[in-house]
Amino acid sequence: MQQGVVLNFGGLEDPGSYQKARWVVVPVPYDATTSYQPGARRGPMAILEASAHMELYDHELGISPVEQGIWTVPPVSTEASGPEAMLKAVRHAVAPLLRDGKMVLMLGGEHSITLGSVQACLEQYPGLRLLQFDAHADMRDTYEGSPFSHACVVRRIVELGVPVVQVGIRSMCEEEVEPLRHNRVTTFFAEHHPSAEEVVAALDRFGSGPVYVTFDLDALDPSIMPATGTPEPGGLLWHQALAILRGVASACPIIAADLVELAPIPGLVAPDFLAAKLAYKLMAYVLSGKGQSLRADSSPHSQ
């Protein structure tokens, strides 16, 4: 698929209009600081292609999220000069969508791109909270010479003043131990198996502002998600992840999200389909939960 060509999420031949869409999907095929297995740049297109084969009716909720509008924009152009330039490109792509009152779902790509999207959200929503699904803490100060590596993304977000709740963490280096003790970070290690209620309570300790969800697919166990750059044993299973997402969406106003680190494996489409289904479930939960009353609950800051 060529850069700039749009493949609509859900395989929609007629996605309706941008003006009426609740969700806008933003593909970001970027993969420059990946440290183990590359390939995340192919993730967005694999998710979009797999999404064309989903049933669009959600039997759990009794709704078809596409009826409330899902608009897909062209992929964000890759910045070859480095991750800092790429973050600016992501920020500039996401910011106008938020100003238009859209809920944004970004498809990565490596995890470093989350910082640019969070920066855009902070322009509109100063009280932002972050919910991070991940196998890794991502709290290094620098990695392989860059402070904007995928391994540093959450540390940079905490430095912006955004409180973070982490779910599924099971791999970290000694350098990250002290940053995790920050009073604006709550970590649920994978062996804890937190309930949705525990995660919501942790978020609520940081206020009632809007929530940004970043879902690194290596948060899931490799038995169901082998297609990531840095797989770790002992991760979340499908219904565990969904229970937390649904609980958070019903209690908190989610205004944006991303799904990152899918590194497709040629000939194995199950992980691609899982990622597409997860993205659709997240949209469905938000549309049926607190996200429905987004305007009343979070009052975006006008520029």
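Is histidine 193 buried or exposed? Histidine 193 is exposed, with a relative accessible area of 51%; here exposed means over 50%, buried under 20% and partly exposed in between, using a 1.4 Å probe on protein chains only.

A word on the basis: this is a predicted model, in which local features need pLDDT of at least 70 and side-chain atom pairs count only at pLDDT 80 or more, while totals for chains, interfaces and linings use all residues. Residues are numbered from 1 along each chain as its sequence is written, and side-chain values use heavy atoms, with hydrogens and water left out.

Two residues other than glycine have a positive phi, and the table sets them side by side.

| Residue | Phi | Relative accessibility |
|---|---|---|
| Histidine 193 | near 50° | 51%, exposed |
| Glutamate 261 | near 75° | 4%, buried |

Histidine 193 sits in the loop between strand E6 (185-189) and helix H5 (196-204), and glutamate 261 in the loop between strand E8 (254-260) and H7. Helices (H or I, at least four residues) and strands (E, at least two) are DSSP runs, numbered from the N terminus.

Another backbone feature to look at is the cis peptide bond joining glycine 108 and glycine 109, with omega about 15°. Glycine 109 belongs to the loop between strand E3 (103-108) and helix H3 (114-124).

Now to the interior. The largest nonpolar core (buried Ala, Val, Leu, Ile, Met, Phe, Trp, Tyr and Cys residues joined through side-chain atoms within 4.5 Å) has 58 residues, and Phe9, Leu131, Phe133 and Phe215 have the most contacts inside it. Helix H7 (residues 270-288) supplies the largest share of this core, 12 residues.
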